[in-house]
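Reader: Please take a close look at the salt bridges here. I would like the partners, the distances and the burial.

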Amino acid sequence: MIAKNGRADPSTKTRWLNSTVLGIGLASLFSDLSHEMATTVMPAFLATMGVAAAWLGFIEGVSDGLSSFAKMASGYYTDRFQRRKPIAVFGYVLTTLGVVTFGLATTAWHVLALRATAWFGRGLRTPVRKALLAAAVSPETYGRAFGFERMMDTLGAIIAPAAAWFLLRVLNQSYTHLFAFTLIPGALAVLVIVFLVKEKERAPVPHISFGMQLRALPAAYKQFLLAVGLFGAGAFAHTMLILLAIQKLTPTLGAARAASAAVAVYLLHNVFYAAFAFIGGFIADRFKKNIVLAVGYSLAAIMAIAIMMLPAGVWMFALIFILGGTNVALEETAEDSLCAELVAEEHHGMAFGVLATVNGVGDFLSSVIVGILWAAFGSTIAFGYSAALSLAGMVLIARLRQPRT
């Protein structure tokens, strides 16, 4: 399989935690710390402008849509370049500049433009970063490499809210100065990509149309995408669980204590996410990656069923958030490493770009559909829908026929 796919001899790449893997992991941590600090305070910053809550949804929707487009375009074009690293550097620079200039915004339109710019940079760098990561290790260690990157990224998301809260207090609630502080981790992300990430020599893919390049991807990859898309259409954003916890706990705890409990168990979610991203990577390198991914999908179904069946309480929500964090960790790590395994290295950019776009569309559809079902018919129907699609995706990915190695 290695010879057919044009991959280097794995015996020449024995160390999975090399300079490139470390650099990409640190870049994910620093960049996530930078933009999540800004994201944490963005609603409050918009409130100081007196804008309606609908603006927040509009800003998020436009930014996520532009990011998905950038991922697809970047994935398509990056395979045609001899060097991918400059695109990653440009993406990190663009994200950093977009975030740090939030402090110059005086209207919601300014925030929209800057947030969209930052998220466009995130979209550009995502498939390139994953392609560079896959090229830096042997196929036998894909799981560990991608798990390490996901763990570092999540650590940034855990630290960022606390850092934002602390800085706001120190800076006397000055949002402008807080946004300026995001330049430090953002610049560090750029520097580690520049100095630690080493790019291998590679032959660019000859120019063909997007459709032809998509059709040229292996049949197993397309079956994989179908399973990912089916699961994704039911895999709602886990921030919705915070709302559910507040609603269910308020009658017994009161509004203030319910909100505090919801935030606490969401932190538990992120801790398990970070831990199991790395653990899941080791597991994925020792078992069939599609089976590990199927286990991740099954945890999402179990979480949704637990929401429907178990009595509401703090311990019940602790269990749900633990299942949710573990599910996302296994899902993201196994999806990335399986994608890298199914597609030849020279087409990794395209494969990761399409995967990211399918996930982006799924994230949008699932949260919208679950939200509508929840509002119209109640949480049982909404999470029942999620459980059904999670189980369907699990069956499809478990039945994936991978090419013989």
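Author: What follows covers the salt bridges, then a nonpolar patch.

This is a predicted model, where local features need pLDDT of at least 70, side-chain atom pairs count only at pLDDT 80 or more, and totals for chains, interfaces and linings use all residues. Residues are numbered from 1 along each chain as its sequence is written, and side-chain values use heavy atoms, with hydrogens and water left out.

A search of the whole structure finds nine salt bridges. The term means a side-chain nitrogen of Lys or Arg within 4 Å of a carboxyl oxygen of Asp or Glu.

Start with arginine 150. One salt bridge joins arginine 150 to glutamate 149, with 2.9 Å between the closest N and O atoms. Another joins arginine 150 to aspartate 153, where the closest N and O atoms are 3.6 Å apart. Arginine 150 and aspartate 153 both belong to helix α6 (residues 142–170). They are three residues apart, about one turn of the helix. Helices are DSSP runs (H or I, at least four residues), numbered from the N terminus.

Now the burial. Buried means under 20% relative accessible area, exposed over 50%, and partly exposed in between (1.4 Å probe, protein chains only). Glutamate 149 has 1% relative accessibility, so this residue counts as buried. Arginine 150 is buried too, at 10%. Aspartate 153 is buried at 13%.

Next, a pair between two helices. Glutamate 341 and lysine 289 form a salt bridge through their side chains, at 3.2 Å from N to O. Glutamate 341 lies in helix α14 (residues 314–342) and lysine 289 in helix α13 (residues 289–309), so this pair ties together parts that are 52 residues apart in sequence. Glutamate 341 is buried, with a relative accessible area of 17%. Lysine 289 is buried as well, at 4%.

Shared partners also matter for the picture. Salt bridges that share partners link Arg129, Glu149, Arg150, Asp153 and Glu332 into one network.

Last, the nonpolar patch. Phe181, Ile184, Leu188, Leu191, Val194 and Phe195 make a nonpolar surface patch of about 530 Å². Patch residues have over 30% relative accessible area and no salt bridge; like charges are joined within 9 Å, and nonpolar side chains (Val, Leu, Ile, Met, Phe, Trp, Tyr) within 5 Å. Accessible areas come from the Shrake-Rupley method with a 1.4 Å probe; for residues, only the protein chains shown count as cover. Helix α8 (residues 183–196) gives the largest share of the patch, five residues. Phenylalanine 195 is in helix α8. At 57% relative accessibility, phenylalanine 195 counts as exposed.
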